[in-house]
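Work through the exercises below with the model open. Each task is followed by its solution.

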Amino acid sequence: MGMQLGYTMMTEQAGPKDLVSHVVGAEEVGFDFSVCSDHYFPWLAEMGHSPHAWTVLGAAAQATSRIPLMTYVTCPSFRYHPAVVAQKAATLQLLSDGRFTLGLGSGENLNEHIVGVGWPPADVRQEMLVEAIHIIRELFDGEGYTNYRGEHFQVESAKLWDLPEQRVPIAVAASGKQSCTIAGELADALVAGEPNPKHGEWFAAAGGAGKPRYGQLPIAFDTDRAAAVRRARELFRWGSLGWKVNTELPGPPAFDAASAFVREEDIAESILCGDDVDAVIETARTYADAGITHMSIVQIGGDQQWPFLDWARTTLLPAWREAFGD
Amino acid sequence: MGMQLGYTMMTEQAGPKDLVSHVVGAEEVGFDFSVCSDHYFPWLDEMGHAPHAWTVLGAAAQATSRIPLMTYVTCPSFRYHPAVVAQKAATLQLLSDGRFTLGLGSGENLNEHVVGGGWPAADVRQEMLVEAATIIRDLFDGEGYTNFRGEHFDVESAKLFDLPETRVPIGIAVSGKQSGEIAGELADLMIAVEPNAELGEYFDAAGGAGKPRVGQMPISFGTDKAAAVTRAHTLFRWFGLGWKVNAELPGPPAFDSASSFVREEDVDSSIPCGDDVDAVIEAAKEYADAGFTHLALVQIGGDQQAPFLEWSRTALMPAWREAFGG
């Protein structure tokens, strides 16, 4: 099977009912899978949304019948307790008849700051993620009661009563050697932040050989290229700041300030804008070459999903199949 | 309008897909509203289930179109952070087109123990509930950012980006004077599981006059009365222990021990068992007389919902409308 094409339910830019109808549309159009972000805040006030991902995913599981669903990604360490994340994931796997993958990451201050405990440094966040994954895996094992006394989390006599026959696969977001190694040791799939072959190598070396690798690519599809560039700048100017910045800033005003020097021409160089399908395929190929097996596209603009889905049906999907196989 | 008849999605006794199809059935049959428990554990091993309520409710909102939905009840103080409960509730209100009510309670050790940390005394749990309800109300107000530094919870610059036009009504569970006053001051409706008029008086005196009161009553419908009694004993023998016990015990083995002296005749005398519709109406009248405006029935037995729904359509509903109007 070639590289699979995914649709992104980006909760920062659309309300819950729209997100559900968009993923129904993506299923109809023929996307191979879908992913859903999990935020408390949008990156910028202009994006305007942030519904609760898990409630939306419950509705999405009910509204669709074929398309796989995935959190991309949930942080199990601050807003949520890992034992509750495990329960939610198991329930969603049952509701979706085995179509769910639990994507996990170490979190962003943007979303996690609300619980008011301060933002620990990156290596502590990784430690917390590792503890959380251990807890979730043990609960998925379903053997007796889970007890855990970690540096960061406690679990007291927990057990999942509704555990799907088909275990929920866990994917872990990685952006460097430390996190790729964690993913290789503990995860069933890698969520790679960029098309860097090294990530796949670290993942494989730590135990991830042969396992799926997920990537994500934002585009601003539009037949009017100038409008697409403007939209991409308005809603995604934070995107190029990189994860060293994007995990640390606490709210939309900070992202507005940090992206004040990003110009439309910077956006036009880094984000695919317009309706040139060959450009999308060419960029996607760098992901395929880096070993990515599943690639989800984010169409920028909550109110621009339907023209994108229609273009995906007529133009993107045929080109994608030709380039990457079925 | 007379006393409204509700259906209970009891998550302790059915899996997520069954719960969704049951509430679809309840909507078809004509129930006026529905409520859903929110557990991590069943009371007894025999009950066998505990899926994640909010994911199930997301699916239920998608699968139904008319019937109101309500958590009955969610504890916002241990497994969940109150700011996340507010986000979930707002999202569910949007997904359901304004059909959702957020029922809150101070929690049960059975479900909340999973996060470790020990089980505080009842008055501390009430303090936590008050802080949580205050946080949730502030987030529902939607005026600027919410900051809160409480004894039990911190909230740092939180804001709900997807806030429904129809504000989510908040119900608070009441079992005595203290909780009755809290509900009167902070809630839009009262929740109670016993037909005690005094609870309504506490609620009224603190500001609840004229607001809805939502009760709940278990029954064990079955045309074979002896089987219905046996089923009620197998699955609901914990029920008569009362909230002083039921809020404190940490797990199913403790409920099994605590209920070991409860006999079938004890269950038979406290829970309507069989198919005598008059007995159900008579028991429901106690709630109406105590001022309840809404009463949700729990049909005991996850695999006994379809016959109950059919009996509701043919026998219970007509008798209910005759007794309580509608």
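The exercises cover a chain interface, a helix and a strand.

This is a predicted model, in which local features need pLDDT of at least 70, side-chain atom pairs count only at pLDDT 80 or more, and totals for chains, interfaces and linings use all residues. Residues are numbered from 1 along each chain as its sequence is written, while chains are lettered from A and ligands numbered from 1 in the order in which they are written.

**Exercise 1.** Find which element gives the largest share of the side of chain B that touches chain A.

Step 1. Contact requires C-beta atoms, placed from the backbone, within 7 Å; 45 residues of chain B meet 44 residues of chain A in this way.
Step 2. Helices H1 (16–29), H2 (53–63) and H3 (82–95) and strand S6 (154–158) of chain B each give two or more residues. Helices (H or I, at least four residues) and strands (E, at least two) are DSSP runs, numbered from the N terminus.
Step 3. The largest share, 9 residues, comes from H2(B).

**Exercise 2.** Compare the span of helix H8 (residues 225–236) of chain B with its expected value.

Step 1. The expected span is 1.5 Å times one less than the number of residues.
Step 2. For 12 residues this should be 16 Å, and the end C-alpha atoms are 16 Å apart, which agrees.

**Exercise 3.** Place strand S7 (residues 170–173) of chain B among its neighbours.

Step 1. Pairing needs at least two DSSP bridges. S7(B) has 3 bridges to strand S4 (residues 100–104) of chain B, running parallel.
Step 2. Another 3 bridges join S7(B) to strand S8 (residues 189–192) of chain B, also parallel.
Step 3. B:Leu104 stands opposite B:Ile172, and B:Gly171 opposite B:Leu189.

Methods. Two residues are in contact if their C-beta atoms, placed from the backbone, lie within 7 Å. A residue is buried if 20 or more other C-beta atoms lie within 10 Å of its own, exposed if 12 or fewer, and partly exposed in between; C-beta atoms are placed from the backbone.
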